[in-house]
Amino acid sequence: MAASAANLRFLRALIRVVFCVLALASSWAFGQASGVGPVDADKSTSTFLVHGFGTLGAVSNRSDVLNFRRDMGQPFDLGSQPRYTPDTRVGLQLNYQPTPSLELVGQWVLRSAAEGAKPIDRVEWAFVGYRLTPDLRVRLGRTGVDVFLMADVRNVGYAYPWVRPNTEFYGWVPVFSVDGVDIEQRFNLGDWTWRAKLAAGSTNSVFPTAPGWPNYDLQVRDAYTFVLSADAPPWSAKLSYLTFRIATEYPASDLHTGLQALQNPMFGPVAQEAAELDMNSRVLGAKSRYWALGLAYDQSPWWAQAEFAYVSSPAVAMVQGRRAYASVGYRIGPVLLHVTKSKADSSTGAQANPNWFAPMAPVVGPVVAAQMQAVGSGAAALINGTRIDQSTFAVGLRWDVSENFALKAQVDDVLVRANGQSLWTVKQDGLGDQRVKIWTLTLDFVF
């Protein structure tokens with residue numbers, strides 16, 4: 001534990017150094033651009049680039065039970081329709097390359113996040129990259145979680161045809177970045193360009209657990225990633241594997257204290273059920289694994305993309321199970337029409353609500369029995385609150401209005417199963433399966 005804490009302090013210090021270097025590089029580059037005059041191209045090979053991107057979005061879903069969230073890191077929102085925060089975001093990226101081998105990159109994104117998120121959480125990238133050879137690169141600092149086809153552009157709406165990356169596949173991951181080191185080797189086999197990457201690091205993220213509950217300060221440690229990707233236009237493919245350890249418990253200490261108190265043998269069968277609920281509602285120390293496979297095709301007028309992933313964990317209260325989507329599009333001039341089918345389900349069944357009041361009321365009295373029942377129901381709700389069980393059929397279009405602007409519209413028809421609603425703001429509990437339609441309009445831009 002001491003070694004992990006020391007490593008984390010080192011990584012944070014390193015990121016602060018990267019921030020300082022990027023700030024100095026920015027000041028120098030802008031000074032060259034607006035101060036003493038242009039840089040002599042014959043005496044300098046350095047480059048400094050500033051890129052920006054953003055999305056203006058409006059989303060509406062007419063439901064008395066559920067409100068849409070783009071991902072699990074967004075706050076629960078009981079507001080009226082339409083809403084503008086789920087998809088709206090703006091980002092800035094700085095690239096400074098003082099030599100052909102050395103590069104410094106920083107990316108900042110302002111988007112909807114859980115209350116309590118720190119300013120540093122807005123920094124998606126802050127790394128130093130160095131090419132040991134033209135095909136071998138090492139990066140140190142904060143980088144994206146590279147386990148999806150869209151890993152580097154989850155926030156860049158202009159880079160993909162939909163109004164947002166598929167919610168079933170991308171929305172369950174509240175973590176966008178990891179602090180650590182990675183090494184990537186590029187090589188060619190026939191017409192295919194291959195990339196093999198190994199990465200190690202850790203990350204912190206804040207996300208809400210349930211309406212009225214404290215936010216969860218998720219700390220991921222010992223995160224190791226292997227990625228193998230291949231490109232031979234119009235085809236591209238990606239295979240990913242990630243393993244990580246959860247270093248923080250859910251903010252439910254009062255609940256666990258109550259469950260432990262109920263494990264007294266004097267409570268008979270309730271004691272055993274309380275022990276099982278106590279064990280199943282914990283995630284501290286859980287080592288989880290993630291496998292993913294993605295395939296894409298893009299040769300006008302056709303475009304297609306599909307991804308499949310499986311998450312496993314010994315902790316019942318972890319977001320685990322299968323996620324998959326397949327999307328096909330067809331271009332007509334500047335307009336791309338597309339359809340998508342997706343599904344996510346949990347590998348663990350729903351936790352039944354315990355029935356403790358009736359058998360315990362004659363033993364301990366109705367007041368104490370009601371308190372015991374509340375503890376059991378709270379534990380069941382916590383476990384079920386991590387489950388995702390839904391499927392979606394979506395149709396949409398993207399219209400490239402100009403070189404830097406794209407207007408999009410999309411309708412999602414979502415079937416959300418009972419006790420599988422963790423991607424949503426739940427306004428009313430216990431109402432079974434729900435079918436929800438989501439209408440979205442976005443304007444994406446880059447500069």
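This short talk walks through the core, one helix, and the pockets and cavities of the structure shown above.

Before anything else, please keep in mind that this is a predicted model, in which local features need pLDDT of at least 70 and side-chain atom pairs count only at pLDDT 80 or more, while totals for chains, interfaces and linings use all residues. Residues are numbered from 1 along each chain as its sequence is written, and side-chain values use heavy atoms, with hydrogens and water left out.

Let me begin with the core. The largest nonpolar core, meaning a set of buried Ala, Val, Leu, Ile, Met, Phe, Trp, Tyr and Cys residues joined through side-chain atoms within 4.5 Å, has 64 residues, and F148, W172, I246, L259, V283, Y290 and W424 are those with the most contacts inside it. Helix 6, residues 366-384, gives the most to this core, with 6 residues; helices here are DSSP runs of H or I with at least four residues, strands are E runs of at least two, and both are numbered from the N terminus. If we leave aside neighbours within four places in sequence, F148 is in contact (heavy atoms within 4.5 Å) with R154, F169, Y170, V173, K238, Y290 and E307.

Next comes helix 4, residues 269-280, where the 12 residues should span 16 Å at 1.5 Å a residue, and the end C-alpha atoms are 17 Å apart, which agrees; the expected span is 1.5 Å times one less than the number of residues. Which residues of helix 4 are buried? They are V270, A271, A274, L277, D278 and N280, where buried means under 20% relative accessible area, with exposed over 50% and partly exposed in between, for a 1.4 Å probe and protein chains only. Helix 3 (253-261), helix 5 (357-364) and helix 6 are included in what covers those buried residues of helix 4.

Now to the empty space. On a 1 Å grid over the protein atoms alone, a cavity is a set of points where a 1.4 Å probe fits but cannot get out, whereas a pocket is an open set with protein on both sides within 12 Å along at least five of seven lines, and lining residues have an atom within 4 Å of a point. Points are joined across faces, edges and corners, and a volume is the space filled by probe spheres set on them.

The largest pocket holds about 1,100 Å³ of space, and of the 50 residues that line it, L149, M150, V153, D231 and S236 lie nearest its centre. Strand 6, residues 136-144, supplies the largest share of that lining, 5 residues.

The second largest pocket has about 800 Å³ of space, and among its 31 lining residues the closest to the centre are A210, A381, N384, G385 and D429. Helix 6, which we met in the core, gives the most to the lining of this second pocket, with 5 residues.

Turning to enclosed space, how many cavities of 30 Å³ or more does the rule count? The count comes to 6. About 500 Å³ lies in the largest cavity, which has 35 lining residues, with V173, V175, V220, L242 and F244 closest to its centre. The second largest cavity has about 190 Å³ of space, and N166, T167, E168, T392 and D412 lie nearest its centre among 19 lining residues.
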